[in-house]
Amino acid sequence: MSNADIVRHEGAQLDFSEKMSYGDYLQLDAILGAQRPLSPDHNELLFIVQHQTSELWMKLLLHELSAAIRAVKRDELPPAFKMLARVSRILEQLVHAWDVLATMTPPEYSAIRGYLGNSSGFQSWQYRCIEFALGNKNAAMLLPHAHRPERLALVEAAYRAPSLYDECLALLARRGFAIPDKHLQRDWTQSHCTSEAVLAAWLAVYRSPQAHWDLYQLGEELTDLEDAFRLWRFRHVTTVERVIGFKRGTGGTSGVGYLRKMLDTVLFPELWQLRTDL
C-alpha cells in the first residue's frame with residue numbers, strides 16, 4: 001500500500017476549502033509572518049524567534065499566574081496548585097530557550113546588533129507584569145511603556161495590584177495565623193519586606209505539615225516557582241555574558257552588570273529563611 005493509499009484509508013480530512021484547518025485555528029499565517037529581520041545576516045532569525053517564542057510562553061505564564069492569584073484569593077487552593085506548577089514548567093521552557101540563543105557567537109551577534117536600535121528585553125511589558133505579579137515592584141519600570149497608553153495601563157494595573165505573595169499572606173491570616181495588618185492593608189506598589197511574624201507563620205505551617213497540608217503545599221509551590229524564576233534569570237545573565245561580554249545593553253543598561261544585580265532579588269524571603277530556622 002502506497003503512502004497516498006494509507007492516508008486515504010485512514011479517512012484523513014484533506015479538503016479545507018470550506019473547513020477550518022490547523023493553520024487557520026492557530027493563525028499561523030500571522031505568527032509565521034511576524035519574523036522580519038532588519039539585517040542581511042543569517043543569524044538574526046534565531047534572535048527574533050527566540051524572543052518571540054519567549055513572549056508567547058510569557059503570555060501563557062501570565063494567564064496561569066493571574067488565575068492562580070485569583071484562586072488563592074478565593075481560598076481555592078487545589079486549582080491554584082495546578083496553575084502554579086504549570087508556571088514553574090513554563091519557566092523551565094524559558095530557561096531552555098537561552099540554550100538555543102547561546103549558540104549565537106559574539107561575531108554573529110555583532111553583525112545584527114546595529115540593527116536593533118534601543119530595543120531590549122528590558123522593555124518587555126509582559127516580563128514586567130510577571131515581576132510585578134511576583135512582588136518585585138519598581139515604579140521606574142513603568143516608564144518604558146509611557147508612550148503606549150494601552151500598554152501602560154496593563155503594566156500599571158499589575159504594579160498597583162496585590163502580588164501572589166500578598167494574597168498568600170492574606171490567606172494565612174484568614175486561616176488564623178498572626179499576620180500583622182501592615183502586610184494586609186498596605187501600599188501594594190511597594191515590595192514585600194521580610195517580617196518575623198510572617199516567618200513565624202510559615203514556620204508553624206512547616207513544623208506541622210499534616211495539620212496544615214494545603215498551606216504546606218502552597219509554600220512548596222511558591223518555592224518551586226521562585227527556584228525556576230532564579231534559574232531563568234541566571235541563564236539570562238550567562239547567555240548575555242557569553243554573547244556580548246560586558247558591553248552595555250542595547251536598552252542602555254550596563255548589561256551583565258545590571259542583570260547580576262537583579263539576581264539578588266528574593267521574592268518570598270520567609271520561605272527561604274525558614275529552611276535555616278527549622
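This report describes the nonpolar core, a surface patch and the aromatic pairs of a predicted model.

## Nonpolar core

The largest nonpolar core comprises 71 residues, among which Leu164 and Trp202 touch the most other members. Helix H5 (residues 77-101) supplies the largest share of this core, with 12 residues. Beyond its neighbours within four places in sequence, Leu164 is in contact with Leu65, Ile69, Leu84, Ala133, Leu134, Leu222, Leu225 and Phe268.

## Serine 54

Ser54 belongs to helix H4 (residues 44-73). Its relative accessibility is 10%, so Ser54 counts as buried. Apart from neighbours within four places in sequence, Ser54 is in contact with Leu94 and Ala97.

## Surface patch

On the surface, Met20, Tyr22, Tyr25 and Leu26 form a nonpolar patch, together exposing about 520 Å² of accessible area. Within this patch, Leu26 is found in helix H2 (residues 22-26) and counts as partly exposed because its relative accessibility is 32%.

## Aromatic pairs

Eight aromatic pairs are found in a search of the whole structure. In one of them, the ring centres of Tyr127 and Trp232 lie 5.4 Å apart with the planes at 80°, so the pair is edge-to-face. This pair links distant parts of the chain, as Tyr127 is in helix H7 (residues 125-133) and Trp232, 105 residues away, is in helix H11 (residues 213-244). Both Tyr127 and Trp232 are buried, and they form one aromatic cluster with Phe229.

The rings of Trp213 and Tyr216 have centres 5.2 Å apart and planes at 50°, so this pair is tilted. Both residues lie in helix H11, three residues apart, or about one turn of the helix. Trp213 is partly exposed at 43% relative accessible area, and Tyr216 also counts as partly exposed, at 24% relative accessibility.

Notes. Residues numbered from 1 in each chain as written. Predicted model: local features only at pLDDT ≥ 70, side-chain atom pairs only at ≥ 80, totals over all residues. Heavy atoms only, no water. Core = buried A, V, L, I, M, F, W, Y, C linked by side-chain atoms within 4.5 Å. Buried < 20%, exposed > 50% of the residue type's maximum accessible area, 1.4 Å probe, protein only. Helix = DSSP H or I, 4+ residues; strand = E, 2+ residues; numbered from the N terminus. Contact = heavy atoms within 4.5 Å. Patch = residues over 30% accessible without salt bridge, like charges linked within 9 Å, V, L, I, M, F, W, Y side chains within 5 Å. Areas by Shrake-Rupley, 256 points an atom, 1.4 Å probe, with all protein chains shown as cover. Salt bridge = Lys/Arg side-chain N within 4 Å of Asp/Glu carboxyl O. Phe/Tyr/Trp six-rings, centres within 6.5 Å; stacked < 30°, edge-to-face > 60°.
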